[in-house]
Amino acid sequence: PDAIFEPNSIRLQQALLAAEEEQAEWYDYDPNSNIWATKPATIRKISLNNNDEPTHISVREIGSSRLPLLLKVTGTSNDIRAAKTKAKIFAIASFFGAMFANAVPRKCIPRFLPSFVLKSCEDSDQVFLQTEPYLEDPRTILSHVVMKGASDQMECETHKFAAFQFFVYKLSDKSIVFPTCTLAGHFWSDLSVASASSQVGGPSDEGDRGKAVWETSFREIYGALLALPPDSLFDLDVHTFVMLLKDNGLLRAPRHGSMEGFERR
């Protein structure tokens, strides 16, 4: 992560100070090699609920790196494959995002909210924790469909996400697409995936059927917006598609508002 998300809650800070450090395993996925690596981590695990299930984790070290980081627990699982799914999808999206950043104007560069998997070494049960950096921002579902009544900011963000969808679809030889994500502040999170033969996202992968639904909808919407025959839309290269979005005023962000940090990245 390129930022540390500080907690604003006094109760959360107090709970962190009171918690004991423990050893954990940090699971890291490499999309280039399709290999999971496990690294030792030093953490503090706390719960702000009325049960023992952790809600937040403070990470002090990962391997040999000191990385003070506050994570929010987004899910627990006894199935390591299920726990790894979200983190794997994030890693693959980030892999495409790095290449996308070199192919589009700066205003289109996405920022992804990381997803990680941790397991405490001191718990007797095999419980895997899905986590992400702590954010208090409200979340909004984002797809290639501009929702009725959307603000100028949300409409612009929708078209940026559509450009990323188009890039991934073309670069993967039409085998992968991310149909939706959640916008959290300036970050994209909780990406869904639809891939050929459902190989990317495991049980949550929408597969060829989900990909076909996205293709049909995307053709119709952006064919109309860009005044192109829908059947010719996917013949465009990424640069041409992005320039058409820009020329039609679809990537014009509001002059003022919360997107300023996104534009500066």
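How many bridges join β7 to strand β9, and in which sense do the two strands run? The pair is joined by four bridges and runs antiparallel, with β9 covering residues 181-184. This report, which concerns a predicted model, returns to that pair after describing the chain and its barrel.

## Overall dimensions

The chain contains six helices and eleven strands. Along the principal axes, its C-alpha atoms fill a box of roughly 60 × 45 × 35 Å. For 265 residues, a compact globule would be expected to have a radius of gyration near 18 Å, and the 20 Å of the chain agrees with this.

## The closed barrel

Six strands form a closed barrel in the order β1-β2-β3-β4-β6-β5, and their pairing is antiparallel. On average, neighbouring strands of this sheet are turned by 45° against each other when direction is ignored.

Strand β1 (residues 21-30) is joined to β2 (residues 35-46) by ten bridges, the two strands running antiparallel; along this pairing, A24 has A41 as its bridge partner in β2, while D28 has A37. The two strands form a hairpin with four residues between them, and in the turn N34 has a positive phi of about 60°. Strand β1 is also joined to β5 (residues 116-120), by four bridges and again in the antiparallel sense, with V117 of β5 as the bridge partner of Y27.

Strands β2 and β3 pair over six bridges in the antiparallel sense, and here A41, the residue partnered with A24, stands opposite I62 in β3. Strands β3 and β4 likewise pair over six antiparallel bridges, with I57 standing opposite L71 in β4. The hairpin of β3 and β4 has two residues between the strands, and G63 takes a positive phi near 60° in it.

## Helices lying across the barrel strands

Helix α1 (residues 10-18) lies across β2, β3 (56-62) and β4 (65-77), and its direction makes about 105° with that of β2. Helix α2 lies across β1, β2, β4, β5 and β6 (128-133), running at about 25° to β6.

Helix α2 comprises 22 residues, from 80 to 101, and spans 32 Å from its first C-alpha to its last, which is close to the 32 Å expected at 1.5 Å a residue. The helix nevertheless bends by about 30° at K86. At the start of α2, a side-chain oxygen of D79 comes within 3.0 Å of the backbone nitrogen of R81.

## The open three-stranded sheet

What is the strand order of the open sheet? Its three strands follow the order β7-β9-β10, with antiparallel pairing. Strands β7 (139-142) and β10 (187-189) stand at the edges with a single partner strand each, so one side of each has no neighbour in the sheet. Neighbouring strands of this sheet are turned by 35° against each other on average, direction ignored.

The four bridges between β7 and β9 belong to this sheet, where L142 stands opposite C181 in β9. Helix α3 (residues 152-171) packs on the sheet and touches β7, β9 and β10, with its direction at about 50° to that of β7.

How values were computed:
Residues are numbered from 1 along each chain as its sequence is written. This is a predicted model: local features need pLDDT of at least 70, side-chain atom pairs count only at pLDDT 80 or more; totals for chains, interfaces and linings use all residues. Side-chain values use heavy atoms; hydrogens and water are left out. The expected span of a helix is 1.5 Å times one less than its number of residues. The bend at a residue is the angle between axes fitted to the seven residues ending there and the seven starting there. A polar contact is a pair of N or O atoms within 3.5 Å; within protein, one must be able to donate a hydrogen and the other to accept it, and residues adjacent in sequence count only if both atoms are side-chain atoms. Two strands pair if DSSP finds at least two bridges between them. Axes are lines fitted to C-alpha atoms, for helices over the stretch in contact, and angles run from 0 to 180 degrees between N-to-C directions. Contact means heavy atoms within 4.5 Å. The radius of gyration is taken over C-alpha atoms; the globule rule is 2.2 Å times the number of residues to the power 0.38.
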